[in-house]
Amino acid sequence: MKDVTTADVELFRSFIEKHDYFLVAGHKEPDGDCIASCLGVKAILNHYGKKYELLSAGPFKRNEIKYYEKYFSNTVPFLDESDRKNTGLIIVDCSELSRLGEIDGDFSNLDIFVIDHHKTSGLPKRAEGYINSESPACAFLIQLFHEKMIGNIDKETAKVLFFGLCTDSGFFRFLKDDSASVFEGAARLVSYGADPRAAYININSGKPYSTRKLLGVLLDKAERYLDGRLVITYETMDDTKKYGQEGRDSDSLYQLLLSAKDVEAVVFLRQDTPLTCTGGFRSQDKIDVSQVAAKFGGGGHKNASGMSCDGKVETLIPQIVKEFARIM
């Protein structure tokens, strides 16, 4: 993948140096990469002696990130006109202000710097930043910025950045054949003190028993389309009520379904309210699911994307199948 250049580093350094206070935010419904990226930026700001507030709309549903919730607020501190001139907003693991979710406060008239790795992302109007869709995780980009701006990474930050990298790379399952630099970066994190075994246990253990039951329900509902190449399953509001919202394990669901013979793409839909749904899209190497997610107001990576839109599962499924038929 392409490297973070000296010009990229100086752009970020300049942004930090010309502001006294920072708001650091990632996308709503954060995952490990989002949280790790925020905490990595926190370490950089600490080095420069800057004050900051870490923001997240939450919810912190995933079992592996609950520990980090205590570091985040969902409310923007009051900023008068003078404060706003000296405040920078750093957005990580997404680029759209709308993706930050329902954070209580006002981001208007703030200078913005984005660090992201999503293919469908672009910089907001008048924002600066760095977007590299070749990176397997935003946390890996934060690592590169840290190393080039400061040098070696402290043990606790190395642990959390390794955790973020492992989260989005499927513990390196999703890396391509040009990923030597990513493994080299991971090795450096281990040399700083990251523990691969502890990261694996953190990501894959402690799931509520109800999530094992829910996996069975979702597997039972899974249906094949397009000659078996596409699989779609869904969660109803009754399912959510019965099994709860905590500690979902959609990664295991995708892995199980994608391992089936001839399956090239998987969609998981959830009816969040009577009139709104969220969805996750995963695929094998050839299918670009971000193209389909974008049709429903979402986006992400070629092989892993998401969306949130108005609609009901029963009407969305045929629309989604139609869009996949265009690219499969």
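In this predicted model, helix α12 runs over residues 313-327 and holds both Glu-323 and Arg-326, which sit three residues apart, or about one turn of the helix. Their side chains meet in a salt bridge, with 3.3 Å from N to O. The two partners differ in how much of them reaches the surface. Glu-323, at 16% relative accessibility, falls under the 20% limit and so counts as buried. Arg-326 has 55%, which is over the 50% limit, and therefore counts as exposed.

From this helix we can widen the view to other charged pairs. Salt bridges that share partners join Glu-29, Lys-61, Arg-270 and Asp-272 into one network. How many salt bridges does a search of the whole structure find? The search finds 11.

One link of the network is worth following on screen. The side chains of Glu-29 and Arg-270 meet at 3.9 Å, N to O, in a salt bridge. Glu-29 belongs to the loop between β1 (21-25) and α2, while Arg-270 belongs to strand β8 (residues 265-273), so this pair ties together parts that lie 241 residues apart in sequence. Here, too, the two ends have their own surroundings: Glu-29 is partly exposed at 35% relative accessibility, whereas Arg-270 is buried at 8%.

Another salt bridge links distant parts of the chain. Lys-148 and Asp-3 bring their side chains together at 2.8 Å, N to O. Lys-148 is in helix α4 (residues 138-149) and Asp-3 in the segment before α1 (6-17), with their positions 145 residues apart in sequence. Both ends of this bridge are partly exposed, Lys-148 with a relative accessible area of 39% and Asp-3 with 45%.

Asp-272, a member of the network above, leads us on to strand β9, where Thr-278 is found. The Thr-278 side chain makes a polar contact of 3.0 Å with the side chain of Asp-272. Is Thr-278 buried or exposed? With a relative accessible area of 15%, Thr-278 is buried. Setting aside residues up to four places away in sequence, Thr-278 touches Phe-268, Leu-269, Arg-270, Asp-272, Met-307 and Ser-308. Among these neighbours are Arg-270 and Asp-272, two residues that also take part in the salt-bridge network.

Beyond β9 comes Ile-287, in the loop between β9 (276-283) and α11 (289-295). Ile-287 has a relative accessible area of 6% and is buried. Which residues does Ile-287 contact, leaving aside its neighbours within four places in sequence? They are Glu-264, Ala-265, Lys-302, Asn-303, Phe-324, Ile-327 and Met-328. Ile-327 takes us back to helix α12, where we began. The C-alpha atoms of Ile-287 and Ile-327 are 7.3 Å apart in space, although 40 residues separate the two in sequence.

For a contrast, turn to Asp-262, in the loop between α10 (250-258) and β8. Asp-262 counts as exposed, at 51% relative accessibility. Not counting residues up to four places away in sequence, Asp-262 touches Gly-228 and Arg-229. Asp-227 is 35 residues away along the chain, and its C-alpha atom is 8.7 Å from that of Asp-262.

Next, look at the two ends of helix α7. At the N-terminal end Asp-195 acts as a cap, with a side-chain oxygen 3.1 Å from the backbone nitrogen of Arg-197. Just after α7, Gly-206 adopts a positive phi of about 75°.

Helix α7 also brings us to the last stop, a pocket. The second largest pocket has a volume of about 450 Å³. Of its 18 lining residues, Tyr-68, Glu-156, Thr-157, Lys-159 and Val-160 are the closest to the centre. Three elements give two or more residues to the lining, namely α2 (32-47), α5 (155-168) and α7 (196-204). Which element supplies the largest share of this lining? The largest share is from α5, with six residues. Sorted by class, the lining of this pocket holds 10 nonpolar, three polar and five charged residues.

How values were computed:
Residues numbered from 1 in each chain as written. Predicted model: local features only at pLDDT ≥ 70, side-chain atom pairs only at ≥ 80, totals over all residues. Heavy atoms only, no water. 1 Å grid on protein atoms, 1.4 Å probe; cavity = no way out; pocket = protein on both sides within 12 Å on 5 of 7 lines; lining within 4 Å. Points joined across faces, edges and corners; volume = space filled by probe spheres on them. Helix = DSSP H or I, 4+ residues; strand = E, 2+ residues; numbered from the N terminus. Nonpolar A, V, L, I, M, F, W, Y, C, P; charged D, E, K, R; others polar. Salt bridge = Lys/Arg side-chain N within 4 Å of Asp/Glu carboxyl O. Buried < 20%, exposed > 50% of the residue type's maximum accessible area, 1.4 Å probe, protein only. Contact = heavy atoms within 4.5 Å. Polar contact = N/O pair within 3.5 Å; in protein donor to acceptor, adjacent residues only side chain to side chain.
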